[in-house]
Each structure stands twice: as C-alpha cells, then as structure tokens.
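Hello,

Here is the structure I said I would pass on. My notes on it follow below.

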Number of protein chains: 2
Amino acid sequence: MALEHAILVSLLEKPGSGYELARRFERSIGYFWTATHQQIYRVLKRMESEGLLAVREMSQQSRPDKKEYSVVGPGRTALSQWLHEPIQPESIRHELAVKIRGAAFDNPSVLIREVERHRQVHSDRLAHYQAGELRDFTGPAAATPLDAGQELQHVVLRGGIAYERMTIAWLDDVLATLRRLSTAHPPA
Amino acid sequence: MALEHAILVSLLEKPGSGYELARRFERSIGYFWTATHQQIYRVLKRMESEGLLAVREMSQQSRPDKKEYSVVGPGRTALSQWLHEPIQPESIRHELAVKIRGAAFDNPSVLIREVERHRQVHSDRLAHYQAGELRDFTGPAAATPLDAGQELQHVVLRGGIAYERMTIAWLDDVLATLRRLSTAHPPA
DNA sequence: TCCTTCTATGCAACTCGTTGCATAGCCAAG
DNA sequence: CTTGGCTATGCAACGAGTTGCATAGAAGGA
C-alpha cells in the first residue's frame with residue numbers, strides 16, 4: 001500500500017484536499033508514484049476512518065467547498081513504522097520493451113514512430129525536471145542552505161533526471177537499431 | 001493487457017508450458033515485465049479459449065505431465081495489431097523514492113541499510129545482465145551475424161544494463177546524501 | 001522412511017488500479 | 001444565455017495483480 005504512504009508524505013509536506021493531491025500526483029510526487037483522483041479520494045476516506053488523517057471542511061469563495069486533510073499522530077506513526085520495514089526492490093514494467101522484442105515477429109519499422117513519440121515525452125519530462133531543479137534547488141532563488149526535507153527532495157529529483165537521461169539515450173539506441181533493421185529488411 | 005502480449009512474444013520466441021513461462025518471467029522477459037505463475041496460468045487459459053493459443057498435452061518421463069502452449073494465427077494477428085497501437089509512456093512507480101522523501105519526517109539514517117540492500121540487488125542484476133550479454137551477444141560463442149530477433153533482444157538487454165547502472169549511481173548519490181544528513185543530525 | 005525440493009497446475013479471496021459516468025458551483029468567452 | 005473549462009467530490013463496474021492455499025508425481029538425501 002504505497003499510495004497510502006505517498007499520501008502521508010505529501011500531506012506532511014503540506015496539507016491539502018483530494019483535488020490538490022491529484023494535482024501533486026501529476027507533478028512532484030507523481031514523478032515516482034502515480035494515482036488518479038478516484039483512487040486518491042477512496043484512500044483518503046479510508047485513511048480518515050482509520051484515524052490516520054483529520055479532515056477540515058473549508059468553504060471557499062468563488063470555488064466549491066473543499067475538504068482539507070492533514071496527518072495526525074497515528075498517521076505519522078504509521079509512516080515512521082513503514083520506513084523501518086524493508087520493501088522489495090522495484091520490478092520494472094516496461095511495455096515498450098515488450099513491443100520491441102515483439103517487433104521481431106512483424107516489421108521493426110512500424111515501431112519507429114512510436115519510439116520517437118516516447119523519446120519526445122521523456123525529453124519533455126527531462127526539461128521539466130531540470131527547470132524545477134533550477135527553480136527550487138540550484139538557481140539563485142533557491143533557499144540556502146537547504147533543510148533536510150529539501151535535500152531529500154533534491155536527491156529524488158536528481159534520480160528522475162538521471163532516469164530520463166538514461167531513457168533518452170537508450171531510446172536513441174533503440175531507434176538506431178530499428179532503422180538498421182528496417183534498411184536490411186525493407187517494409188513489404 | 002500487456003501480460004497477454006508479453007506471453008505472445010515469449011511463446012513466439014519458443015513454445016512452452018505455464019511453468020516454463022513462469023521461469024522465463026524470472027529471467028529474460030521478466031527483466032521488463034513480471035508475472036506470477038497464477039497470473040500466467042489464468043491468462044493462458046483465457047487466451048486458449050479465445051483461440052490465440054493452441055495447447056498440446058505432453059506426457060513426460062520422471063516429471064508430471066505438462067501443457068505446451070504455442071501461438072496460432074489469431075494470436076499472431078493480435079500481436080501485430082497491438083504493435084501498431086500507441087501505448088502511453090511508462091509512469092514510474094518507485095516506492096523507495098517515496099521512502100526517501102518520507103525520511104524527512106523521521107531520521108534519515110534509518111534508510112541507509114535499506115538503500116544499501118537495494119544497491120546490492122541492482123548490482124547483482126547488473127552482473128547477471130552483463131553475463132547474459134557476453135554469453136549471447138558479445139562473446140566468442142555468440143551467433144554471427146545476429147538475426148533481427150537477436151538484435152532486438154540485445155537492444156532491450158542494453159536497456160536493462162543502462163537502467164541498472166543508472167540506478168546504482170543514483171543509489172550512491174542517495175547514500176551520500178543520507179550519510180551527510182545523518183552526520184548533521186545524529187540519531188536521537 | 002520421512003522430509004525436502006523441484007516440476008507442474010490450479011482455486012479462492014482479496015487488494016490495487018483503471019475507466020466511465022455523474023454531480024455541482026463558479027467563471028469567462030462567444 | 002449557452003457552452004466550455006476549472007475546481008471539487010464521488011459511485012459503480014471492471015480488470016489487473018497479489019497472497020495463501022492445495023494437489024500431486026518424482027528425485028534425492030538424512
């Protein structure tokens with residue numbers, strides 16, 4: 001149940017509503033954990049009923065009311081306990097890699113467009129991460145010195161940057177391979 | 001339904017039983033797509049009933065009987081069709097990254113052991129991939145020249161190697177950060 | 001002989017995650 | 001004034017994935 005823990009972390013960093021959490025899962029937290037709003041609302045409700053979170057109804061002007069969630073004692077304890085438990089190292093799920101191996105049983109050139117599209121997405125993500133890094137950690141407007149929380153956010157972001165860079169380089173390798181095979185065996 | 005397609009690819013590469021597929025999902029295919037035997041048996045049964053696969057009962061000596069599955073016409077068509085459809089670029093799910101950000105709300109040093117353990121696992125995987133690369137693609141015993149299928153398997157394996165290398169380097173960065181923060185704020 | 005390990009298949013129950021749909025207030029543009 | 005977009009929350013149904021358990025033949029060691 002890592003979603004639960006991701007929510008605890010995000011709400012400890014800053015309390016917010018389900019909607020706001022869904023936004024955060026599209027950026028920051030979402031770089032390494034994704035969730036849809038439906039999932040988030042469901043889990044928030046459960047966590048609140050389990051006493052991990054507190055809710056506060058907020059009436060807003062010029063916007064619908066919202067429910068602001070924040071972490072209470074037992075939630076913090078649950079997070080701390082989870083931090084002490086081992087988790088099993090990630091198992092990758094890379095659908096594109098399945099496709100690439102599958103291309104051996106069709107024409108490799110059909111994948112070129114698809115791989116180029118993926119490359120573009122990763123390239124955009126990299127630019128986005130780098131802009132965030134400059135804004136929050138390495139630029140002139142960044143806090144100095146960084147506190148522990150910021151240092152940890154930064155090292156996670158560096159992981160995202162390293163991942164995107166590696167992926168882009170690999171996709172270039174894939175493209176070169178696909179193009180080579182397409183030349184050798186032109187489309188029927 | 002990428003599991004279905006991963007199974008098609010694996011069975012096209014070589015027909016086999018559910019048990020054998022489960023083994024393959026622990027190595028080769030499993031480098032980028034994981035599945036348990038229960039999942040595999042369930043999906044194989046469904047795919048067979050949908051006419052994508054053919055089964056052959058094989059009685060074996062000194063072993064229980066097995067059912068050997070192989071891809072038939074409609075299965076191949078289904079794979080080919082899937083290759084032409086776009087898929088959405090991967091969203092990472094990195095539980096360890098959630099933990100690292102969560103460490104800001106506990107003591108960062110509690111994660112050092114955990115991160116070291118993960119580093120070891122990735123380091124072992126890298127060694128395993130590199131041994132496979134030498135055996136199948138770059139060593140003296142490798143086929144020359146490689147056919148299209150082997151070229152594609154190789155480029156996927158290179159992706160796995162790049163991923164593990166990148167991850168190990170990042171985990172070293174994480175460890176350095178955690179150690180720095182632990183020194184600055186020694187355990188209570 | 002008994003215990004464990006490996007091959008081989010499967011059910012049942014559950015949790016996690018996705019997709020489609022619905023509601024509702026407010027704002028701005030056409 | 002209607003349409004579309006953004007904030008905000010939620011239900012229902014389904015599909016994907018995990019966990020625990022069960023069965024069973026054969027091999028090999030204590």
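To which atom of DNA strand C does a polar side-chain atom of B:H37 lie 3.1 Å away? The partner is a base oxygen of that strand. Please keep in mind throughout that this is a predicted model.

DNA strand C

There are 23 residues around DNA strand C, and those that come nearest are A:M1, A:R42, B:Y19, B:Q60 and B:K67. Sugar or phosphate accounts for 62% of the strand C atoms within 4 Å of the protein, and bases for the rest. While B:H37 reaches a base oxygen, two tyrosines of chain B have polar contacts with the backbone of the strand. A polar side-chain atom of B:Y19 is 2.8 Å from a phosphate oxygen of DNA strand C, and for B:Y41 the distance to a phosphate oxygen is also 2.8 Å.

The elements that each supply at least two residues of this surface are α3 (37–49) of chain A and, from chain B, α2 (18–24), α3 (37–49) and β2 (66–71). The most comes from α3(B), which gives five residues. By class, the surface near strand C has five nonpolar, nine polar and nine charged residues.

DNA strand D

DNA strand D is surrounded by 23 residues, of which A:Q60, A:K67, A:R93, B:M1 and B:R42 are the closest. Of the strand D atoms within 4 Å of the protein, 63% are sugar or phosphate atoms and the rest are base atoms.

Three side chains of chain A can be named here. A:Y19 has a polar side-chain atom 2.8 Å from a phosphate oxygen of strand D. A:K67 places a side-chain N or O atom 2.4 Å from a phosphate oxygen. For A:H37, the partner is a base oxygen, at 3.1 Å.

On this side, α2 (18–24), α3 and β2 (66–71) of chain A, along with α3 of chain B, each supply at least two residues of the surface. The most comes from α3(A), with five residues. The surface near strand D divides into six nonpolar, eight polar and nine charged residues.

Chain B against chain A

Between the two protein chains, 68 residues of chain B are in contact with 68 residues of chain A. The buried area is about 6,900 Å², and carbon and sulfur atoms give 66% of it. In chain B, the residues that lose the most area to chain A are B:E90, B:R101 and B:F105, which together make up 13% of what that side buries.

Six salt bridges are found across this interface. One of them joins B:E13 to A:R101, with the closest N and O atoms 2.8 Å apart. The count of residue pairs in polar contact between the chains is 34.

On the chain B side, α1 (2–13), α4 (73–84), α5 (95–102), α6 (112–138) and α7 (148–184) each supply at least two residues. The most comes from α7(B), with 20 residues. The side of chain B that touches chain A comprises 36 nonpolar, 15 polar and 17 charged residues.

Annotation

An unreviewed UniProt entry annotates residues 92–179 of chain A as "domain: Transcription regulator PadR C-terminal". In the model, that stretch of chain A is 76% helix and 0% strand, and its end C-alpha atoms are 26 Å apart.

Regards

Note on methods. Residues numbered from 1 in each chain as written. Chains lettered and ligands numbered in written order. Predicted model: local features only at pLDDT ≥ 70, side-chain atom pairs only at ≥ 80, totals over all residues. Heavy atoms only, no water. Near = heavy atom within 4 Å. Polar contact = N/O pair within 3.5 Å; in protein donor to acceptor, adjacent residues only side chain to side chain. Helix = DSSP H or I, 4+ residues; strand = E, 2+ residues; numbered from the N terminus. Nonpolar A, V, L, I, M, F, W, Y, C, P; charged D, E, K, R; others polar. Contact = heavy atoms within 4.5 Å. Buried area = accessible area lost by both parts, 1.4 Å probe. Salt bridge = Lys/Arg side-chain N within 4 Å of Asp/Glu carboxyl O. UniProt positions renumbered as here; feature names shortened; annotations may be inferred.
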